[in-house]
Amino acid sequence: MTTETKRNWKPATALVHGGTLRSAFGETSEAMYLTQGFVYDSAEAAEARFKGEAPGFIYSRYANPTVDMFEKRMCELEGAEDARATASGMAAVSAALLCSAKAGDHVVAARALFGSCRWVVETLMPKYGIETTLVDGTDIEAWKQAVRPNTRLFFLESPTNPTLEVIDIAAVAAIANECGAKLVVDNVFATPLQQKPLELGAHIVVYSATKHIDGQGRCLGGIVLSDKKWIDEKLHDFFRHTGPSLSPFNAWTLLKGLETLPLRVRQQTETAARVAGHLACHSSIARVIYPGRNDHPQADIIARQMKGGSTLICFEVKGGKPAAFSFENALDIIRISNNLGDAKSLVTHPATTTHKNLSEEARLELGINPGTVRLSVGLEDADDLIDDIDRALARAA
Ligand SMILES: *Cc1c(COP(=O)(O)O)cnc(C)c1O
């Protein structure tokens with residue numbers, strides 16, 4: 001077997017060749033090793049592998065060659081030393097948080113989190129004796145005030161779902177470093193191309209690969225990336241024994257997704273910027289939040305911290321829930337779905353779907369109003385999407 005090793009490739013090159021493990025057949029496309037286990041030439045060979053004295057795979061819950069390629073390719077892109085791929089984004093988030101906290105520890109997290117992430121922090125972790133505090137992530141002073149002697153972890157998502165709030169990662173990382181806590185960043189909305197949390201000082205990065213990394217609505221997946229020491233000391237045993245492993249089939253699909261990630265994200269971002277500009281001038285729209293526009297509330301942080309805008313747009317339709325529903329129902333090309341990052345443009349009404357479990361008060365605190373709509377821009381032609389939106393807004397009005 002031969003491995004493609006790092007040669008200071010730029011992202012587009014690393015995403016096509018990085019981490020490739022080529023078998024003796026010299027296949028062009030990455031091989032799919034759809035196997036649970038591996039055989040040994042002798043009992044001695046098995047013993048040596050279990051002792052860690054000989055290299056090689058043991059069992060696909062621990063590691064698998066196709067999954068290994070996906071992990072290595074993601075490490076090259078992210079500039080991380082090591083990674084573990086998981087069956088879903090939530091498996092990545094919960095493994096990253098639970099492997100590094102114990103009863104009596106304290107976690108500080110931004111309150112604007114993906115629904116399931118917020119449940120893990122707010123409901124699950126306290127059940128195991130881990131105290132949590134939720135703060136307004138954009139308020140740097142609030143992070144400082146929340147620190148206690150037992151604070152071990154910081155957790156945030158930026159841009160946030162669905163209101164695309166942007167948090168100053170470097171400033172939060174500095175507070176984490178001061179109190180000896182690790183900062184975990186959920187970088188899904190930014191994608192590994194638009195924002196580099198490790199370069200900004202974060203210690204651990206997590207992704208739902210279900211989103212832009214697959215990008216074509218097929219497989220669930222996730223990944224946790226960090227330095228080798230943290231993976232070895234905190235994640236390694238937790239991962240092996242709790243089993244959130246990614247299937248080789250899904251890893252193969254995600255590897256193929258990575259090849260086209262830069263093309264897709266670039267095009268989807270360009271189209272989203274055009275659609276956002278159009279919405280901002282529309283009389284039926286009360287407000288548009290789009291990272292990349294000068295009127296974004298954290299435009300200055302975005303300029304420092306992100307390399308590009310977003311494939312997502314958040315906007316408020318005038319007329320509240322009835323208008324938002326009429327708008328969604330009148331769309332033709334853009335489909336109603338809670339998913340995002342897909343080649344197909346998808347629209348969702350957060351208050352009644354992804355964020356329905358929050359109280360009305362908590363939703364308003366996050367800026368999720370009855371008229372708020374989240375749009376994930378796909379690979380369709382920008383003019384067709386704008387026509388679809390205009391027609392639907394006209395019918396809703
Ligand atoms: C989708 C998503 C997750 C969860 O990922 P799954 O693959 O659905 O488990 C976590 N965080 C963010 C920001 C997401 O968008």
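Two residues are in contact when heavy atoms of theirs lie within 4.5 Å of each other. By that criterion, and leaving aside neighbours within four places in sequence, Ser-310 is in contact with Phe-189, Thr-269, Ala-272, Tyr-290 and Pro-291. The structure described here is a predicted model, and the points below cover its ligand site, two of its helices, two buried residues with their contacts, and some backbone features.

**Ligand site**

- There are 13 residues around the ligand, and those that come nearest are Gly-89, Asp-186, Ser-208, Thr-210 and Lys-211.
- Backbone polar atoms approach the ligand at two residues: one of Gly-89 is 2.8 Å from a ligand oxygen atom, and one of Met-90 is likewise 2.8 Å from an oxygen atom of the ligand.
- A side chain also takes part, in that an N or O atom in the side chain of Asp-186 is 2.6 Å from a nitrogen atom of the ligand.
- On its own the ligand has 380 Å² of accessible area, and the protein covers 91% of that area.

**Helix α14**

- Helix α14 runs over residues 382–396, and its 15 residues reach 21 Å from the first C-alpha to the last, which is close to the 21 Å expected at 1.5 Å a residue.
- The buried residues of α14 are Ala-382, Leu-385, Ile-386, Asp-388, Ile-389, Ala-392, Leu-393 and Ala-396; because they cover an arc of only 160 degrees around the axis, they sit on the same side of α14.
- Ala-394 and Arg-395, on the other side of α14, are exposed.
- The cover over the buried residues of α14 includes helices α10 (248–280) and α12 (320–330), together with the strands β10 (285–289), β11 (312–317) and β14 (372–376).
- At the start of α14, the backbone nitrogen of Asp-383 has a side-chain oxygen of Asp-381 within 2.9 Å.

**Helix α2**

- In helix α2, which spans residues 43–51, the buried residues are Ala-46, Ala-48 and Arg-49; seen down the axis of α2 they fall within an arc of 165 degrees, so they line one face of the helix.
- The face of α2 turned away from that buried side carries the exposed residues Ala-43, Glu-44, Phe-50 and Lys-51.
- Just after α2 comes Gly-52, whose phi is positive at about 80 degrees.

**Two buried residues and their contacts**

- Ser-310, whose contacts opened this briefing, has its place in the loop between α11 (299–305) and β11, and with a relative accessible area of 1% Ser-310 is buried.
- A polar atom of the side chain of Ser-310 lies 3.0 Å from the backbone nitrogen of Leu-312.
- Ala-96 is found in helix α4, which covers residues 89–98, and at 0% relative accessibility Ala-96 counts as buried, since the cut-off for that word is under 20% relative accessible area.
- Leaving aside neighbours within four places in sequence, Ala-96 is in contact with Val-184, Ile-204, Val-206, Val-224 and Trp-230.

**The loop between β6 and α7**

- Pro-159 has its place in the loop between β6 (151–157) and α7 (169–178), and the peptide bond that leads to Pro-159 from Ser-158 is cis, with omega near -10 degrees.
- Pro-162 is found in the loop between β6 and α7, where a cis peptide bond joins Asn-161 and Pro-162 with omega about 0 degrees.
- Leu-164 lies in the loop between β6 and α7 and, although it is not a glycine, has a positive phi of about 55 degrees.
- Leu-164 is buried, with a relative accessible area of 0%.
- From C-alpha to C-alpha, Leu-164 and Ala-96 are 23 Å apart in space, and in sequence they are 68 residues apart.

**A positive phi in helix α8**

- Thr-191 lies in helix α8, which is made up of residues 191–194, and Thr-191 has a positive phi of about 70 degrees although it is not a glycine.
- With a relative accessible area of 2%, Thr-191 is buried.

Notes:
Residues numbered from 1 in each chain as written. Heavy atoms only, no water. Helix = DSSP H or I, 4+ residues; strand = E, 2+ residues; numbered from the N terminus. Expected span 1.5 Å × (residues − 1). Buried < 20%, exposed > 50% of the residue type's maximum accessible area, 1.4 Å probe, protein only. Arc of directions from axis to C-beta. Polar contact = N/O pair within 3.5 Å; in protein donor to acceptor, adjacent residues only side chain to side chain. Near = heavy atom within 4 Å. Areas by Shrake-Rupley, 256 points an atom, 1.4 Å probe, with all protein chains shown as cover.
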